Amino acid sequence: MLFLHGYGCDQNMWRFLVPAFKQDYRIVLYDLAGSGGSDLTAYSRRRHGTLHGHADDLLEICDALGLGGAVVVGHSVSAMISALAAIKRPELFSKLVMIGPSPCYMNDDGYTGGFNRADLEGLLEFLDSNFLGWSRQIAPAIMGVPQRPELAEELTASFCRTDPEIAQHFGKVTFLSDHRADIAELAAPTLILQCSDDIVAPVAVGEWMHRAIPDSELVVMEATGHCPHLSAPEETIRNMKAYLA
Amino acid sequence: MTGDPSGEPSSSGRAGIDLNDVLDEAPCGFLVCDPGGVILDANRTFRMWSGRPGRELTSGLRFQDLLTLPGRIFYETHCAPLLRMQGFLREISCHISRSDGPPLPVLVNSKLRLGADGRPHLIYTTVFDATERTSYEQELRLAKKHADHLAAIVKWSADAIISIGLDGTVTTWNHGAEQMLGFTEAEAMGRQIQDFVVPHEFRSGFSTLIAKLRNGKDHRHDTNCLRRDRAPLDVSVHYSPLLNGTGTVIGASVIFRDITERVRNEDHIRLLMREVNHRAKNMLSIIQVVAKQTAATLDGDEFVARFTARLHSMAKNMDLLVHNEWTGVAMRELVSGQLDILMEDHCRQIRMSGPDFRLNASAAQAIGMALHELATNACKYGALTGAEGSVAISWDLQPAEGAQRFTMEWCETGGPKAAPPQHKGFGHTVMVRMVQAALEGEVAIDYAPEGLVWKVTAPVKWVAEHPAPRRT
């Protein structure tokens with residue numbers, strides 16, 4: 001079982017889920033290129049200029065580990081990354097679990113992505129103008145750990161430790177991506193876990209995904225926000241186990 | 001606060017201070033939210049800041065709903081996960097949207113309180129007004145953008161722009177310097193410029209230059225510098241002192257501009273000036289010869305008419321030199337053009353043979369000048385001084401190893417006994433060195449007793465106009 005974290009985080013976000021599956025599965029965790037503890041020099045603006053680059057990374061990892069018929073759990077943008085990988089090499093994956101997926105963040109004729117053009121332009125401007133005080137501001141919080149004895153030592157120094165320029169680039173790639181046309185080709189059985197109030201991926205998007213993916217199941221969870229695996233791990237685990245059983 | 005979520009009665013601190021009032025009127029916003037962000041309570045300061053003084057805030061709104069859209073996405077993708085895993089957030093900068101005004105820039109600190117069961121129970125959040133800090137950051141960003149812009153100009157300039165300390169140590173080295181001088185930034189940084197870029201002969205003057213810079217004066221001169229491959233390069237260098245904030249000279253910016261082209265042009269002009277002077281003198285000798293020869297057979301009006309016609313023809317040929325921007329010239333046209341004046345009197349004495357093809361401009365100029373020189377010499381001292389001598393001009397394009405070769409010969413016979421000149425003047429330069437340089441070829445002059453022989457061999461690619469000709 002492979003876990004792929006979403007934009008802005010790293011593999012540590014799976015810490016509440018992994019224990020529930022490690023009895024039954026071989027667990028593979030990694031940080032996306034450019035995120036967390038990954039080798040930042042491996043991040044290429046050309047290769048990772050589209051989500052296909054990240055999908056190719058996933059395929060290379062599967063090949064290197066000799067995986068076949070794996071379950072992929074992808075959060076947010078990684079739901080789309082794993083879908084692209086599964087379309088390219090269907091034999092590698094048996095089932096997909098998508099948490100808060102969105103094939104396209106921008107509203108379009110007959111499609112509700114959750115954001116209009118002005119919203120996304122505002123976001124990109126925010127990324128452009130504010131990345132100094134945006135991703136870097138996470139750093140002092142991490143640095144502050146040693147002075148805060150009340151925090152467990154294991155609290156990861158790598159979580160959200162993103163290079164601001166990469167965060168900015170990955171943000172653009174993520175929020176401007178549109179893979180609606182690809183999704184219908186996804187043949188793998190797919191579970192879509194949709195939070196009931198998620199501003200990044202609204203319920204309408206989860207419903208669109210469910211209609212577009214032929215062999216899919218949609219669960220609208222009670223959990224709110226964009227990271228149910230952190231805010232409501234029990235509910236997330238329960239739904240995944242029910243689907244994978 | 002409008003209520004205490006723990007349901008305990010309001011408390012008093014030491015000295016009878018009402019802590020509820022402290023919280024309510026504190027100079028920062030204070031919020032209590034459930035683990036999903038739903039606001040359970042907010043102090044008066046925050047309610048006023050958000051423009052929602054009543055109960056609106058606690059009617060199911062989430063803290064993240066109050067943020068502007070980019071901040072909301074940031075909160076959901078970065079902050080909420082971080083808070084859950086790390087237990088706190090510090091100095092998150094975002095904007096609170098207000099019902100009654102533009103968004104308020106704030107800094108947010110949050111702490112996650114766990115319940116007795118170890119699960120997330122409440123989120124305590126303080127919010128600080130960051131209006132001043134944000135506008136200051138905005139200025140910094142603009143200044144940075146401006147500085148980045150200037151840095152990009154320097155970085156990608158075609159000129160080598162570097163900076164040095166007062167001992168000559170390189171402190172910055174731009175892309176232009178890498179290209180022009182051949183040393184990478186890594187190779188150049190930390191080395192002293194006088195050790196690897198400044199040529200030996202100028203090294204002793206370097207300390208004088210530094211002294212001048214220390215006095216706040218700049219310095220500009222044309223010189224040459226050393227490339228990584230040790231090849232000297234003609235450059236114009238401008239040293240300007242670099243000052244720190246208090247006006248002390250701490251080093252210098254050094255700008256090298258490649259002036260190879262300019263130096264080459266200047267050399268070319270100098271050479272042409274000499275040639276014009278030389279040719280003017282030659283012309284006068286030729287005119288003298290032509291006048292003598294014409295006067296030997298004609299006189300009176302007939303002499304004037306013939307002599308004038310010959311002067312016209314000579315004038316026309318002068319154009320060949322000056323019109324240096326030829327696009328190319330046919331070989332036969334060039335040879336006959338240069339020999340026209342002589343042909344009339346010596347038509348039986350001059351023979352030419354060879355395939356016709358087009359020469360490139362610089363080859364045409366060099367060969368034309370050499371032919372003019374050879375013809376002048378032949379009239380003054382060689383085979384064309386009398387009626388018995390003859391000149392054979394021949395050229396050919398021959399296949400050779402790898403590339404075609406051009407060969408050309410000027411061969412005098414039957415004139416007075418030839419002998420090497422007493423000294424090699426400008427004429428020799430024109431016949432040998434200029435041709436060698438222009439054609440990348442070999443030139444040999446043999447002053448054999450039976451007559452002078454001038455031979456050229458050169459790669460066709462330096463002689464012919466492109467594309468290379470086929471034999472005709």
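1. In this predicted model, a useful place to start is helix H13 of chain B, residues 361-380, which lies across strand E15 (405-413) and strand E17 of chain B and runs at about 10° to E15(B).

2. Both of those strands belong to an open sheet of five strands in chain B, whose order is E12-E14-E15-E17-E16 and whose pairing is mixed. Its edges are formed by strand E12 (350-353) and strand E16 (442-448) of chain B, each of which pairs on one side only. On average, and with direction ignored, neighbouring strands of this sheet are turned by 10° against each other.

3. At one edge of the sheet, E16(B) pairs with strand E17 (residues 451-459) of chain B in the antiparallel sense, over seven bridges. Within this pair of strands, B:Glu442 stands opposite B:Thr457 in E17(B).

4. The largest nonpolar core has 53 residues, and of these A:Leu2, A:Phe93 and A:Leu96 touch the most other members. Helix H3 of chain A, residues 77-88, supplies the largest share of this core, with eight residues. If neighbours within four places in sequence are left aside, the contacts of A:Leu2 include A:Val28, A:Leu58, A:Cys62, A:Leu67 and A:Phe93, together with A:Ala70, A:Val71, A:Val72 and A:Val73. Another core, of 39 residues, lies apart from it, and among its members are B:Met331, B:Ala375, B:Trp410 and B:Val432.

5. Helix H9 of chain B, residues 206-214, deserves a look for the way its residues are distributed around the axis. Its buried residues are B:Phe206, B:Leu209, B:Ile210 and B:Leu213. Because these residues cover an arc of only 100° around the axis, they are placed on the same side of H9(B). In general, an α-helix has 3.6 residues a turn, so residues three or four places apart point the same way. On the other side of H9(B), the residues B:Ser207, B:Thr208 and B:Arg214 are exposed. The helix H9(B) is followed by B:Gly216, whose phi is positive, near 85°.

6. Is B:Thr77, a residue of helix H3 (residues 69-86) of chain B, buried or exposed? B:Thr77 is buried, because its relative accessible area is 3%, which falls under the 20% limit for that term. A polar atom of its side chain lies 2.8 Å from the backbone oxygen of B:Ile73. Not counting residues up to four places away in sequence, B:Thr77 touches residues of chain A, namely A:Tyr7, A:Gly8, A:Cys9, A:Val200 and A:His226.

Key. Residues numbered from 1 in each chain as written. Chains lettered and ligands numbered in written order. Predicted model: local features only at pLDDT ≥ 70, side-chain atom pairs only at ≥ 80, totals over all residues. Heavy atoms only, no water. Buried < 20%, exposed > 50% of the residue type's maximum accessible area, 1.4 Å probe, protein only. Helix = DSSP H or I, 4+ residues; strand = E, 2+ residues; numbered from the N terminus. Arc of directions from axis to C-beta. Pairing = 2+ DSSP bridges. Axes fitted to C-alpha atoms, helices over the stretch in contact; angles between N-to-C directions. Contact = heavy atoms within 4.5 Å. Core = buried A, V, L, I, M, F, W, Y, C linked by side-chain atoms within 4.5 Å. Polar contact = N/O pair within 3.5 Å; in protein donor to acceptor, adjacent residues only side chain to side chain.
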